There are 2 protein chains.
Amino acid sequence: MPDDEGWTLPEVAVAVDLAVLTVHDGALQIMLVKRGIPPYEGMLALPGGFLASTEEDLDVAAARELEEETGLHAKDLHLEQLRTYGTPGRDPRRRVITVCYLGFSPNLPEPAAGGDASEAVLMPVDKVLRPRATVAFDHKKIITDAVERARSKLEYTTLAAAFCGPEFTVTDLREVYEIVWGETLDPRNFHRKIMSVPGFLVPTGERVSRQAGRPAAVFRRGPATILHPAMLRSP
Amino acid sequence: MPDDEGWTLPEVAVAVDLAVLTVHDGALQIMLVKRGIPPYEGMLALPGGFLASTEEDLDVAAARELEEETGLHAKDLHLEQLRTYGTPGRDPRRRVITVCYLGFSPNLPEPAAGGDASEAVLMPVDKVLRPRATVAFDHKKIITDAVERARSKLEYTTLAAAFCGPEFTVTDLREVYEIVWGETLDPRNFHRKIMSVPGFLVPTGERVSRQAGRPAAVFRRGPATILHPAMLRSP
DNA sequence: TCAAAAGTGTTATAGATACACCCATGC
DNA sequence: GCATGGGTGTATCTATAACACTTTTGA
């Protein structure tokens, strides 16, 4: 793949960015940070930054930036590579290509304010993606891609559980699907479908009462990672 | 996303690589080039190379490398971003991150030898991915990812047609599925399924005879891009 | 006339959908 | 008791799987 030796390397900066999604207050939300420096000073942007050194791995850089800018720890959420964005001009200072990561985070007790980064905020994706809303760089496009990927991943994987805490009920999980997809699902059919996937939900034996009604059984995530057959959104 | 100004950029080289797949001689094959220079001199590798300038877009670099190294033109095939690989040490010379593209090419009349690059070859992926086989860099891992992505894309998109020429029969298309997935499909059910997807196949009105048997109707690709419901591989 | 491939029809089964109904709790 | 949400049973519909059968060609 690399060509001939002894030639001058084009000066391209490599960054990582993170689109960390979570379900909070009945909405799909994304973690954003307020930029403290130009360009786009004061605007909201995805957490991220340049590689710290020539030897830093991409995944490591993503985990580091996540922690530095939001106080979240990579081990507490699901992170996967989303896509790389590199259109010339996407950063006014110099050529930057950014390797983006998609994160699924459980609903956090203290939304992010608890971290080192006081400037991290959760924002509903509906709000961020409104036509009039603006975010720094090409991050709106990245967020669009991240949301679509998340929606699609719920169809054929068990990643919805990554939006829940360690213990959750079938209704918690259904609400994740409903909020991420923006559609309502039949609770009875959902229950049966989820329970029929071997290794998705492991009962803890406990039950919890919400407000009223029969207490729901409590589950933990099982080893299953794929949903077969898939649970498809309405077309 | 980018951090503070006035800091020294880690020296990271940005490359693009291409995993171009095609169905040829009854096998799923991948386009490889023989390396003319170290490292891995003489070994087979994915076509690709470094960005030509600070201003070159990733897609443009991919199209350029494709043409330079294989003689294929980007407009003649389907190209999409696969994933970015950047583990430190993956290139012994220096830190390189490579943005990989996945290509679907129709079966070529003169397999690649016709291009500028006399060193481009088609190789069955089964052969390349055998445990004892070796390819340069981490390209074996990339090829594995590319093949899995291609297999999966046939399930829910109409991309199988990108492996066929401009005109093809339902049997041609079925053979693509059978070869890429490595399983046999019922010709009668396949025919019905494909024909039931609106906008997938557009009849030209012509028919062709293979060797024996009733001549098959000839089709062109229609505007449809997704298959709904999906056609799933056997689990 | 026969083999071979294209294409249609028919039945059986799996999974999704819709919804009636029972269960277990708080108030 | 009764409202509320958890969970089961069941009919219906849709899509796939399996395969008999007809059609149309080359040899």
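A polar contact is a pair of N or O atoms within 3.5 Å; within protein, one must be able to donate a hydrogen and the other to accept it, and residues adjacent in sequence count only if both atoms are side-chain atoms. The model is predicted, with local features needing pLDDT of at least 70 and side-chain atom pairs pLDDT 80 or more, while totals for chains, interfaces and linings use all residues. Side-chain values use heavy atoms without hydrogens and water, residues are numbered from 1 along each chain as its sequence is written, and chains are lettered from A and ligands numbered from 1 in the order in which they are written.

**View 1. Polar contacts of chain B with DNA strand D.** An N or O atom in the side chain of B:K193 is 2.7 Å from a phosphate oxygen of the strand. A polar side-chain atom of B:R188 lies 3.2 Å from a base nitrogen, whereas B:R214 places a backbone N or O atom 3.0 Å from a base oxygen.

**View 2. Surroundings of DNA strand D.** The strand is surrounded by 23 residues (near: a heavy atom within 4 Å), and the closest are A:T171, A:G213, A:R214, B:N189 and B:K193. Of the strand's atoms that come within 4 Å of the protein, 56% belong to sugar and phosphate.

**View 3. Interface of chains A and B.** Contact (heavy atoms within 4.5 Å) links 52 residues of chain B with 52 residues of chain A. The two chains bury about 4200 Å² between them, 58% of it on carbon and sulfur atoms (accessible area, 1.4 Å probe, lost on being put together and summed over both). Between them, 9 residue pairs are in polar contact, both at pLDDT 80 or more.
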